[in-house]
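I opened this notebook page to record what I looked up, one topic at a time, with the sequence and the coordinates side by side.

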Amino acid sequence: MNQSDHTLATEPRTAWRKPAGLVSLPEVHRSIVVPTTASFWRKLLAFSGPGFLVAVGYMDPGNWATDLAGGAKFGYALLAVVMISNLMAILLQHLCIKLGVATGRDLAQACRDHYSTLTVWFLWILCEIAIAACDLAEVVGSAIALQLLFGIPLVWGCCITALDVLAVLYLQQKGFRYIEALVITLIATIATCFAAEMIVSKPNLFGVLSGFVPGSHIVMNQQMLYVSIGIIGATVMPHNLYLHSSIVQTRKFEQTPEGKREAIKFATIDSTGALMFALFINAAILVLSAAVFHWSGHQDVAEIQEAYKLLSPLLGVGFASVLFAVALLASGQNSTLTGTLAGQVVMEGFLNNCAGHRHCPGSRGHRHFW
């Protein structure tokens with residue numbers, strides 16, 4: 001028995017080892033070096049970025065309709081639901097970080113390795129349907145923004161938005177930091193637009209703060225509960241779980257227990273900070289809707305086009321509607337880009353996980369146990 005055989009014989013049979021060459025997003029895997037002897041802030045900067053790509057999914061155009069409806073109909077009361085859904089997101093994304101860092105696999109690869117063939121195919125189909133549904137809202141939201149700003153028909157707007165796929169492919173060849181820089185720039189654009197809207201709309205500060213306090217009225221009121229479920233459903237995005245467990249592996253950190261613990265710590269700080277930023281965006285949409293529509297008698301506003309038309313007349317500021325549409329365009333482009341990345345992670349993880357691995361028994365669902 002040679003040394004390798006002895007090692008395999010003495011290792012626990014439940015220990016999983018990633019076969020060579022099977023990595024998530026191979027184009028950018030471990031492409032960003034984390035300095036081992038740098039200061040806390042240098043390391044945090046090196047790990048910063050993936051959290052903002054994930055945060056995009058929590059402020060996409062799908063959230064806008066539910067936040068607009070909640071604010072217009074119930075004022076600031078549903079801010080507590082926005083906060084609770086964001087806290088749920090922080091927990092789920094932290095678990096994805098731990099999976100990606102500790103095992104070196106994304107969620108799709110983990111499902112492929114540990115479930116049967118039938119279950120894997122079922123999960124893959126469900127995931128693709130979920131991504132398609134999310135992408136539909138994102139593409140249409142971006143197309144609506146192009147129509148509001150430039151009068152471009154919705155069909156052509158959808159085609160223009162679909163070019164984000166080419167942007168992802170191009171930027172991946174240049175380096176993952178370019179994708180992160182583009183996403184963060186678009187997020188900053190959204191935040192700037194809504195900060196200006198907050199200044200113009202002048203919401204009631206006490207009302208906003210009291211809105212973050214949950215109460216039984218949210219559950220007892222059937223209409224309020226219905227909108228609350230919509231807010232939670234639009235906020236917690238399933239494809240983000242697959243995406244985050246993958247892109248956290250773009251950092252080249254030490255593959256030791258100490259190095260992995262440190263990576264989880266810094267990646268969690270990055271993710272939590274970015275998701276708190278997403279909380280500000282979602283809360284700002286609801287606050288804007290409440291401040292402008294709820295108290296002016298326009299409590300049935302639920303469509304983005306209607307909100308766009310009413311903002312400037314009600315606020316008396318000509319650029320208010322334009323800022324709203326610019327933020328929507330940035331949100332739609334951003335979320336389509338990250339949705340494309342998530343689709344790549346899911347497709348490769350579920351279907352190509354065993355490419356080139358001679359130990360895998362054909363197309364059977366399998367577990368890599370040795």
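Is Cys134 buried or exposed? I looked this up before anything else, keeping in mind that the model is predicted. Cys134 has a relative accessible area of 12%, and because buried means under 20%, I entered Cys134 as buried. I then looked for a partner and found that Cys134 is in no disulfide, the nearest cysteine sulfur being that of Cys127, 9.2 Å away. The count for the structure is 0 disulfides. I also checked Cys96, which counts as buried because its relative accessibility is 7%.

Overall make-up. I noted 17 helices and 2 strands as the secondary structure of the protein. The protein has 370 residues, and buried residues make up 51% of them. When I took the contacts between residues at least 6 apart in sequence, 83% turned out to join residues at least 24 apart.

Nonpolar cores. In soluble globular proteins, nonpolar side chains tend to be buried together, and I wanted to see how that looked here. The largest nonpolar core holds 89 residues, and the members that touch the most others are Leu78, Phe293 and Phe324. Apart from that core I found another, of 12 residues, which includes Val34, Ala46, Ala263 and Ile264. I followed Phe293 further and, leaving out residues up to four places away in sequence, listed contacts with Leu68, Ala72, Leu288, His298, Gln299, Val301, Ala307, Leu310, Leu311 and Leu314.

Val34. Where in the chain does Val34 sit? I placed Val34 in the loop between strand S1 (32-33) and helix H2 (40-47), and with a relative accessible area of 7% this residue is buried. Beyond its neighbours within four places in sequence, Val34 is in contact with Ala46, Phe47, Arg251 and Lys252. Of these I looked again at Arg251, which is 217 residues from Val34 along the chain, while the two C-alpha atoms are separated by 6.5 Å.

Helices H14 and H17. I took the axes of H14 (residues 238-247) and H17 (residues 320-351), which come within 9 Å and cross at roughly 80 degrees. That crossing makes H14 roughly perpendicular to H17, since angles of 65 to 115 degrees count as such. On the H14 side I noted His239, Tyr242, Leu243 and Ser246, which meet Thr338, Leu341, Ala342, Val345, Val346 and Phe350 in H17. Sorted by class, this contact has 7 nonpolar, 3 polar and no charged residues.

Gln333. Staying with H17, I looked up Gln333, which is found in that helix, and recorded it as buried with a relative accessible area of 17%. Leaving out residues up to four places away in sequence, Gln333 touches Ser142, Thr161, Asp164 and Leu186.

Helix H6. Why is H6 described as largely enclosed by the rest of the structure? I found that 6 of the 8 residues of H6 (residues 107-114) are buried, so the helix is largely enclosed. I wrote down the buried ones as Ala108, Gln109, Ala110, Cys111, Arg112 and Asp113. These buried residues pack against helix H5 (79-103) and helix H7 (117-150), and also against H14 and H17.

Notes. Residues numbered from 1 in each chain as written. Predicted model: local features only at pLDDT ≥ 70, side-chain atom pairs only at ≥ 80, totals over all residues. Heavy atoms only, no water. Disulfide = S-S within 2.5 Å. Buried < 20%, exposed > 50% of the residue type's maximum accessible area, 1.4 Å probe, protein only. Core = buried A, V, L, I, M, F, W, Y, C linked by side-chain atoms within 4.5 Å. Contact = heavy atoms within 4.5 Å. Axes fitted to C-alpha atoms, helices over the stretch in contact; angles between N-to-C directions. Helix = DSSP H or I, 4+ residues; strand = E, 2+ residues; numbered from the N terminus. Parallel < 35°, antiparallel > 145°, perpendicular 65-115°, else oblique. Nonpolar A, V, L, I, M, F, W, Y, C, P; charged D, E, K, R; others polar.
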